[in-house]
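Open the model in your viewer and keep the selection tool at hand. The stops below follow one another, and each says what to select and what is there.

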Amino acid sequence: MPGSFVLMGLAVALVGLSGKDVGESVQLIVESAFVAMILSSLVLSSFVLFASKSHPQAKSIITGAVSIGLFPAIAVIAIGGNTVEESVEILGHVMIILIASIVATALIFSLLVAIVTDRRSQARYLLGDAFSADSEE
Amino acid sequence: MPMLSTGRTGGCELDTWAISFWIATLVLIPSGLGMTLFAKRSMKRVGILVGIVGSAMILLTTVLGDSSSFEREVSLTLLASLGPSIMMGCSTILLIFTSDSPVKPLPRPLRWFGWGGLLLGLGWILALALFSPPTSSGGAVSEVWTIWLTSFLLILLTLGLTSIIFLLSMGEARYTEIISILPLPVGAGLMLNYALTAGFKGLAPEVALGRFAEASLMLIGTVLGTGVALFLFGLVLYVSERGITQLPTASPLTDGEKELIRSRVERGREIVTQVDSTGGESDS
């Protein structure tokens, strides 16, 4: 709940900054959300297609993954009223945002893993030294 | 290049390079990645081949496609961001494996190359933004590049600060980690501040501000959409796992199988009694 309030506050501030009216900004957010769902569904479906072949419920998982993208796609076509050029532009922008987000997220988390692994190894060495000192005594 | 009409009123006409670009990005590369990661060994080679074909199609769109097309802008941005991303990725891998890793740890002095590579990757992005950002056909800074840069910096800033707050809540023992992560959000914040106050090459601060706001709105939508998609996928997995009521039961044994088991058990008993009797004799 607090997270959604922060997101709403951010969105209102950004609407003011962008100079667009509220309706246009809401449409931009909703369209981006739908396109992100379509792209996520495409990636998930292609992963599921090859990963869950031997799963007893493989067909229903693939159908579910495809339908996650299918309904937003229908919604974008039905509600959006955009030309193909505009739709392609939104698709490209959201794809670029997804790629940038994945790169940044991977960077932060792998850096955390690197630092934590190193700290744990140092702690292990210290612990080993302490044990050997105890045994010498 | 022949043009293919989309057949929609008020729409545009996509040329074949544009269509091949979208086939490559939306079909070939995800399925190639899926095959390489999850398919059986024989299919992995096919997956790598599909990925290479997809990348080649994107490259061909950049070189041979219409210079004013949107797809060319996207592929130029992807190419521009590829170098720094690979550099930062390799550097973090170097950082992971130069610690006391259980899998073939690398020599400790290489750790400095890891830190250096990470900062060089960020510096590469800054240099691109300052001196030679990807441009659209008119010579203006590409809007797609601005969106990539804004999203990358915003996510780096948000996640970096979130992890620092999380580490702060764990007390003094985590100060070393905080100091190690701090350069990333600070660098991202400084770059964002510079973009919005002084502006990057060919991008005045007021234009940058508008694009920043628009990209941030799309980023909010993208985060929401991806979150919902992942939640729904989790739900699909949960429901299908629940659908499996029980494992298939084994069919009952036939008379022949029962007879075989009975004879084996009898034979086992005979062996045990024989061993007991011989063992008893040797003991006595």
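## Stop 1: two helices of chain B

Select helix 3 and helix 4 of chain B, which pass each other in a left-handed crossing (left-handed if the near helix is turned anticlockwise from the far one by less than a right angle, right-handed if clockwise). Helices here are DSSP runs of H or I with at least four residues, numbered from the N terminus. This is a predicted model, in which local features need pLDDT of at least 70 and side-chain atom pairs count only at pLDDT 80 or more, while totals for chains, interfaces and linings use all residues. Residues are numbered from 1 along each chain as its sequence is written, chains are lettered from A and ligands numbered from 1 in the order in which they are written, and side-chain values use heavy atoms, with hydrogens and water left out.

Helix 3 covers residues 70–97 and helix 4 residues 111–130; their axes come within 7 Å and cross at roughly 165°. Axes are lines fitted to C-alpha atoms over the stretch in contact, and angles run from 0 to 180 degrees between N-to-C directions. The two helices of chain B are therefore roughly antiparallel (over 145 degrees; under 35 is roughly parallel, 65 to 115 roughly perpendicular and the rest oblique).

Now show the side chains in contact (heavy atoms within 4.5 Å). Helix 3 of chain B contributes residues including B:Gly83, B:Met87 and B:Leu94, and helix 4 of chain B residues including B:Trp115, B:Leu118 and B:Ile125. The contact divides into 14 nonpolar, six polar and one charged residues. Ala, Val, Leu, Ile, Met, Phe, Trp, Tyr, Cys and Pro count as nonpolar, Asp, Glu, Lys and Arg as charged, and the others, Gly among them, as polar.

## Stop 2: back along chain B

Add helix 2 of chain B, residues 41–64, which packs on helix 3 of chain B at about 115° with the axes 9 Å apart. This crossing is also left-handed. Among the residues that meet are B:Ile58 and B:Leu59 from helix 2 and B:Leu76 and B:Leu79 from helix 3.

## Stop 3: a salt bridge

Go to helix 9 of chain B, residues 255–283, and pick B:Glu259 and B:Arg262, three residues apart. Their side chains form a salt bridge at 3.5 Å, N to O (a side-chain nitrogen of Lys or Arg within 4 Å of a carboxyl oxygen of Asp or Glu). The whole structure has three salt bridges over all chains.

## Stop 4: between the chains

Colour by chain: 79 residues of chain B contact 70 residues of chain A. How many salt bridges cross this interface? The rule finds zero between chain B and chain A.

Finally, select helix 2 of chain A (residues 22–51) and helix 8 of chain B (residues 205–243), which pack at about 40°. Their crossing is right-handed.
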